[in-house]
Amino acid sequence: MSPALVLLVVLAAFPDCGAAPDRAARAALQLAINIERIHAGLRPVAGEPVLCGVAAERARSVAASGSPDVDLALLNRTRREIWERGYAPHDWAQSSLILNPGDDPLASWREVKPDAYRESVLGDFEHVGVGVASHHGRPVYSIVLGLKRLTFEWRRADPLRDLARVRREILGRVNEIRTANGQPPLASESRLDLAAHRHAHDLFAQDYYSHKSLDGSNVRDRAVAAGFPRKPAISENLAKGLFSPAEVVDRWMNSRGHRKNILSDRFTRLGSGVAFGEVNKRVEVVWVQVFAGPG
């Protein structure tokens, strides 16, 4: 990446984090953080008002006490403040430093607090707040970085858009388990895939969770509607709140009824479906498996 492009990317991810008098110092540190992150192959972080406010208060507290040390009580209080101000983090980090006049803040962080530098400046974050104060003429800097829970969940859910891959992974994991338990593998069945996917999307869109659809249909009815014969043995597994095929199959294996379906010798075919989206500032994922015997 060229230096000019690096600068454009950095500035694009860098909204104003507040007003003077310390705006230039905050801006310079945030810019340095983003250049460092881009050079490390990481996403730049954007200024965020809640984190800026918390960082400013932390900087003032450090300036007043003369100590950047952090104890558990302070960490808990900071975490609570972040939540109460409306920023719901999956993860966050904060670090403070008292410098000598003319010191480079980022270089000093890297030298004096290498662990904090790696965990914060080079951590998996999307937002930053920078606070600046003064302790007897010595500059005080505080940074608070965060990754929103919603962003983290969307990152986990994004691979589920590749439905063909998801179905291959579910089938592969199920067949690994069946083989280990002395059962023959299941075959993929496109009509059962369709029935499972339709039901997953209906559960998500209509906000309910049941083997019986709101129109009264059951798993057999839904399979028939997808073109599958009515006669074969059939059953269904449902799950919510997991983000990968391996996780959801392992969860089913820890449930007696779901495990019975996965290991049943009545079934020879499998279809899978998944639906997901944002609900009340969380990402919700709904999974459906449909098992059927030979027709």
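How are H2 and H6 oriented to each other? This report works through that and then turns to helix H5, all in a predicted model.

## H2 against H6

The axes of H2 and H6 sit 11 Å apart, and the two helices pack at an angle of about 80°. Angles of 65 to 115 degrees count as roughly perpendicular, so H2 and H6 are roughly perpendicular to each other.

Who does the touching? On the H2 side, look for Ile33, Glu36 and Arg37, which meet Tyr117, Ser120 and Val121 in H6. Sorted by class, this contact of H2 with H6 comes out as three nonpolar, one polar and two charged residues.

## H5 against H6

H5 and H6 also pack, with axes 5 Å apart and an angle of about 120°. That makes H5 and H6 oblique to each other. H5 brings Leu106, Trp109, Arg110, Glu111 and Val112 to the contact, and H6 brings Pro114, Tyr117 and Val121. By class, the contact of H5 with H6 has six nonpolar and two charged residues, with no polar ones.

Tyr117 and Val121 may look familiar: they are among the H6 residues that meet H2, and they are also in the contact with H5.

## The buried side of H5

Helix H5 spans residues 105–112, and its buried residues are Pro105, Leu106, Ser108 and Trp109. These four cover an arc of only 160° around the axis, so they end up on the same side of H5. As helix geometry goes, an α-helix has 3.6 residues a turn, so residues three or four places apart point the same way.

What lies over those buried residues? The cover includes two helices, H2 (23–39) and H6 (114–121), along with two strands, S2 (89–98) and S4 (138–148).

## Asp104 and Ser108

Aspartate 104 is worth a click at the start of H5, where one of its side-chain oxygens reaches to within 2.9 Å of the backbone nitrogen of leucine 106. The backbone oxygen of aspartate 104 has a partner too: a polar atom of the serine 108 side chain lies 2.8 Å away.

Serine 108 itself is found in helix H5. Its relative accessibility is 11%, and buried means under 20%, so serine 108 counts as buried. Leaving out residues up to four places away in sequence, serine 108 touches Leu97, Leu99, Asp103 and Lys113. As for alanine 32, which is 76 residues from serine 108 along the chain, the C-alpha atoms of the two are separated by 12 Å.

Terms used. Residues numbered from 1 in each chain as written. Predicted model: local features only at pLDDT ≥ 70, side-chain atom pairs only at ≥ 80, totals over all residues. Heavy atoms only, no water. Buried < 20%, exposed > 50% of the residue type's maximum accessible area, 1.4 Å probe, protein only. Arc of directions from axis to C-beta. Contact = heavy atoms within 4.5 Å. Polar contact = N/O pair within 3.5 Å; in protein donor to acceptor, adjacent residues only side chain to side chain. Axes fitted to C-alpha atoms, helices over the stretch in contact; angles between N-to-C directions. Parallel < 35°, antiparallel > 145°, perpendicular 65-115°, else oblique. Nonpolar A, V, L, I, M, F, W, Y, C, P; charged D, E, K, R; others polar.
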